[in-house]
Amino acid sequence: MNASKEWGQELAELEVRRGFAAQMGGPEAIAKWQAVGRLNARERVDALVDAGSFREMGALAGKGRYHADGTLDAVTPSTQVMGLAEIDRRSVVVISDDFTIRGGSSEAAVAEKWVYADRYAYEYRKPIVRMVDTAGGSVKLLKQTGHTKIPGYAFLPGAQLLGRSPVVGIAMGACAGLGAIRSAQAHFSIMLKGKSQVFAGGPPVVKQALGHDIDKESLGGYEVHRVSGVVHNAADTEAEAFALARRFLSYLPANVWEAPPRTPGDDPAERADAWLNDAIPRDRRKIFAPRKIVAALFDRESAFEMQPHFGASLLTFFARLNGIPVGVMINNPVVMGGALTRAASLKMERFVDLCDTFHLPIVNLVDQPGTMTGLEAERDGTMYATLRAGAAIEQSSVPWCAIVLRRCFGLAGAMLSPKFGPGGTALPHRFAWPSARWGSIPIEGGVAAAYRREIEASPDPIATRSGLEDEYHQLSSPFRTAERFGIVDVIEPASTRPLLCRWAEDARALTLHALGPRPRTMR
């Protein structure tokens with residue numbers, strides 16, 4: 001510290017206060033935290049961002065204790081470590097909860113700091129990463145304030161921020177109430193397997209409300225949220241979680257007024273993998289490997305999957321085509337035959353909104369047998385969820401390219417790309433592999449329903465049904481649809497990557513003319 005004749009006392013106090021902030025919960029609390037193999041709040045920031053780039057804001061916030069003469073005794077710092085940093089040389093807002101101070105409880109926090117962090121990201125149009133590790137609110141706070149309040153925080157730009165800049169939430173420990181909101185209200189949320197939990201209310205609240213005895217992991221751990229959809233991805237370690245956050249942000253612009261960043265690459269745009277011509281089995285009862293197809297069509301090592309276990313009949317990725325970021329959807333025949341379940345519909349809606357918000361063109365690789373049916377599906381409201389996903393597609397403004405790999409049936413099959421679009425000018429840019437088949441209903445089910453009496457009355461029902469199916473399969477050839485220009489073209493599967501790379505150039509050029517916020521934020 002430089003000496004000052006006029007303000008030496010105040011500058012000395014400044015250094016003392018900064019010292020209290022650096023101590024966080026104190027040596028004993030930090031040592032206890034390190035003993036269980038966890039990084040503290042500031043170490044987490046350093047592990048996430050570019051080395052030496054963090055500039056803290058609000059370090060002096062907290063709760064001071066004073067001597068009788070008014071001089072400072074000590075300060076309990078805020079549980080929020082917040083400031084600006086860089087990730088891959090791009091400016092971001094970072095906020096990290098300090099669990100070493102009363103479990104990160106809002107009783108020991110200055111809530112204005114995390115509200116300020118969100119507002120800074122909103123006003124200055126920057127991405128934000130929240131590392132959440134908080135036990136939530138405390139009833140003891142009522143004694144300090146002397147009153148209760150209606151829940152919520154004024155000037156907190158929740159949904160509005162999601163319509164401006166990328167938001168990443170990382171659940172680092174048990175995240176209850178506000179902690180759950182801060183980790184899950186994000187474009188991309190991550191949790192640690194076996195180490196973090198996310199729930200609206202923790203086990204004591206559940207016990208009081210419902211009389212159920214349950215532990216934190218069973219209530220809101222990885223096995224719950226891998227299929228709940230609340231959290232996108234999970235990591236085994238904190239380092240892996242930080243790598244996921246950095247990679248997610250690498251596909252997105254800093255805000256909706258910028259284009260997604262194009263990166264140089266060495267994967268030729270004209271690369272054609274011959275094995276793709278046999279990727280789809282002729283036997284319709286056999287499945288194919290959707291992730292292998294994605295890996296072959298997009299730039300090598302560029303496919304980044306989100307929510308792999310939730311709504312797993314649909315797979316969603318960020319990927320690149322000749323360095324251009326795009327969103328990718330592909331049906332997964334391994335799960336529910338690839339049918340659009342309620343969970344898959346919610347996943348599709350959220351993913352389409354995400355791509356549309358940040359101007360990523362969408363590639364839809366279609367093997368859609370239709371909306372999931374059956375009693376359980378009807379009770380789940382699958383049809384309504386499917387209609388919402390269809391609305392998200394129709395409201396999207398980014399370019400689409402759909403390629404039908406195999407099946408495309410029913411309501412879900414009709415959702416392969418926008419039919420009308422926000423301005424009524426959506427271009428049906430749709431292609432098909434020779435293995436593609438489509439219609440209102442699958443041939444097998446349609447024949448069984450329409451020719452039930454003839455089949456039952458036949459001396460050889462199996463042969464009769466097979467003959468009818470063969471006849472209708474001839475009529476459902478994609479070449480007959482192409483004759484009527486119902487699709488742009490039927491293509492050789494091995495030629496798909498070159499086609500997509502050429503389309504991506506046009507799609508990127510088009511999005512550059514349509515930057516800015518959408519009329520609605522993320523749902």
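Here is a short walk through this structure, from the whole chain down to single residues.

Keep in mind from the start that this is a predicted model. Let's begin with the overall dimensions: along its principal axes, the C-alpha atoms of the chain fill a box of roughly 105 × 55 × 40 Å. The chain has 523 residues, and 50% of them count as buried. If you trace the backbone, you will pass through 21 helices and 19 strands.

How do distant parts of the sequence come together? Among the contacts in the chain with a separation of 6 or more, 74% are made by residues 24 or more positions apart. On the outside, the accessible surface comes to about 24,900 Å², and carbon and sulfur atoms account for 55% of that area. As for charge, there are 61 positive and 57 negative side chains, with the centres of the two sets 2 Å apart.

Now step inside. The largest nonpolar core has 66 residues, and the members that touch the most others are Leu48, Val168, Ile170, Ile190, Phe248, Phe318 and Met348. Another core, of 31 residues, lies apart from that one, and includes Ile280, Ile324, Cys401 and Leu499.

Phe248 is a good place to pause in the largest core. Setting aside neighbours within four places in sequence, Phe248 is in contact with Val168, His187, Phe188, Phe304, Met306, Phe318 and Leu354. Two of these partners, Val168 and Phe318, also appear among the residues that touch the most other core members.

Leu48, from that list of core residues, leads us to helix 3, which spans residues 41-48. Which residues of helix 3 are buried? They are Ala41, Arg44, Val45 and Leu48. These four sit on the same side of helix 3, because they cover an arc of only 100 degrees around the axis. The spacing fits a general rule: an α-helix has 3.6 residues a turn, so residues three or four places apart point the same way. The buried residues of helix 3 pack against helix 2 (27-35), strand 4 (80-87), strand 5 (90-97), strand 6 (128-132) and helix 11 (238-250).

Strand 4, one of those packing partners, is home to Gly83. Is Gly83 buried or exposed? Gly83 counts as buried, because its relative accessibility is 0%, and the cut-off for buried is under 20%. Not counting residues up to four places away in sequence, Gly83 touches Phe54, Arg55, Glu56, Met57, Val92, Val93 and Val94. Gly83 and Ala21, 62 residues apart in sequence, have C-alpha atoms 14 Å apart in space.

Note on methods:
Residues are numbered from 1 along each chain as its sequence is written. This is a predicted model: local features need pLDDT of at least 70, side-chain atom pairs count only at pLDDT 80 or more; totals for chains, interfaces and linings use all residues. Side-chain values use heavy atoms; hydrogens and water are left out. A nonpolar core is a set of buried Ala, Val, Leu, Ile, Met, Phe, Trp, Tyr and Cys residues joined through side-chain atoms within 4.5 Å. Buried means under 20% relative accessible area, exposed over 50%, partly exposed in between (1.4 Å probe, protein chains only). Contact means heavy atoms within 4.5 Å. Helices (H or I, at least four residues) and strands (E, at least two) are DSSP runs, numbered from the N terminus. Accessible areas come from the Shrake-Rupley method with a 1.4 Å probe; for residues, only the protein chains shown count as cover. Lys and Arg count as positive and Asp and Glu as negative; His and the chain ends are not counted. The place of a charge is taken as NZ of Lys, CZ of Arg, CG of Asp or CD of Glu. The arc is that of the directions from the helix axis to the C-beta atoms.
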